[in-house]
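Grab a pencil and let's work through a few short exercises on a protein model. Each one starts with a task, and the solution follows step by step.

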Amino acid sequence: MPPKPQLPAANTPCPCGSQKPLENCCQPFIQGTANPATAEQLMRSRYTAHLLLAIDYLWATWSPEQRLRSSQADIRAWAESCDWLGLQVIATRQGGASDDKGTVEFIALFRQRGQVHQHHEVSQFKKVMGKWFYVDHLA
Ligand SMILES: [Zn+2]
């Protein structure tokens with residue numbers, strides 16, 4: 001098993017690339033003290049959660065249908081096998097505070113077994129009872 005990454009201090013720039021401090025960006029969502037208002041905020045916080053190995057958060061923000069197809073151990077194995085190098089959000093459709101669904105297109109860079117990979121995805125999100133969930137990817 002690869003070593004766990006060092007947890008960044010709360011005032012370091014958020015790993016999601018927002019240029020905001022972690023404590024004013026993804027951390028409150030991951031710690032459960034606030035809910036993401038937009039699909040993009042959830043997407044960014046899920047990226048950061050991969051970095052921080054916040055597996056409970058990744059699990060809790062997945063749609064129930066997706067949870068049937070995987071396990072927390074699978075998510076942990078995937079997150080731990082990668083060095084997360086950066087996130088670029090390319091486009092969002094809907095997913096605003098007043099929407100109940102939306103998509104976010106992004107590229108995540110990561111290193112796995114010495115190779116740098118680009119994960120390009122269009123993610124689908126839905127809002128249920130006021131909370132955003134990650135549904136699936138379109139591409
Ligand atoms: Zn962030």
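**Exercise 1. Find the volume of the largest pocket in this predicted model, then describe its lining.**

Step 1: Start with the volume. The largest pocket comes out at about 500 Å³.

Step 2: Look towards the centre. The lining has 22 residues, and the closest to the pocket's centre are R46, H50, W78, E121 and Y134.

Step 3: Trace the lining back to its elements. Those that give two or more residues are α2 (39-52), α5 (72-81), β2, β3 (115-128) and β4 (131-137).

Step 4: Sort the lining by class. You get twelve nonpolar, six polar and four charged residues.

**Exercise 2. Work out how far apart E40 and R44 are in helix α2, and decide whether each is buried or partly exposed.**

Step 1: Recall the basic idea. Side chains of opposite charge can pair when their charged atoms come close.

Step 2: Check the distance. E40 and R44 form a salt bridge, with their closest N and O atoms 2.9 Å apart.

Step 3: Count along the helix. The two are four residues apart in α2, so about one helical turn separates them.

Step 4: Use the 20% cut-off for buried. R44 has a relative accessible area of 16%, so R44 is buried. E40 is at 25%, so E40 counts as partly exposed.

**Exercise 3. Do the same for E80 and R76 in helix α5.**

Step 1: The salt bridge between E80 and R76 has its closest N and O atoms 3.3 Å apart.

Step 2: Here too the spacing is four residues, so the partners sit about one helical turn from each other in α5.

Step 3: E80 is buried because its relative accessible area is 13%, while R76, at 30%, counts as partly exposed.

**Exercise 4. Which parts does the pair D83 and R111 tie together?**

Step 1: Their side chains meet in a salt bridge, 3.5 Å from N to O.

Step 2: Now place them. D83 lies in strand β1 (residues 83-94) and R111 in strand β2, so this pair ties together parts that are 28 residues apart in sequence.

Step 3: Check the accessibility. D83 is partly exposed at 43%, and R111 is partly exposed at 35%.

Step 4: For the total, the model has five salt bridges.

**Exercise 5. Which residues form a nonpolar patch on the surface?**

Step 1: The members are L85, L109 and V116, and together they have about 240 Å² of accessible area.

Step 2: Zoom in on L109. This residue is found in strand β2 (residues 101-112) and, at 33% relative accessibility, counts as partly exposed.

Technical notes:
Residues are numbered from 1 along each chain as its sequence is written. This is a predicted model: local features need pLDDT of at least 70, side-chain atom pairs count only at pLDDT 80 or more; totals for chains, interfaces and linings use all residues. Side-chain values use heavy atoms; hydrogens and water are left out. Patches are made of residues with over 30% relative accessible area and no salt bridge: like charges are joined within 9 Å, nonpolar side chains (Val, Leu, Ile, Met, Phe, Trp, Tyr) within 5 Å. Accessible areas come from the Shrake-Rupley method with a 1.4 Å probe; for residues, only the protein chains shown count as cover. A salt bridge is a side-chain nitrogen of Lys or Arg within 4 Å of a carboxyl oxygen of Asp or Glu. Buried means under 20% relative accessible area, exposed over 50%, partly exposed in between (1.4 Å probe, protein chains only). On a 1 Å grid over the protein atoms alone, a cavity is a set of points where a 1.4 Å probe fits but cannot get out, and a pocket is an open set with protein on both sides within 12 Å along at least five of seven lines; lining residues have an atom within 4 Å of a point. Grid points are joined across faces, edges and corners, and a volume is the space filled by probe spheres set on the points. Ala, Val, Leu, Ile, Met, Phe, Trp, Tyr, Cys and Pro count as nonpolar, Asp, Glu, Lys and Arg as charged, and the others, Gly among them, as polar.
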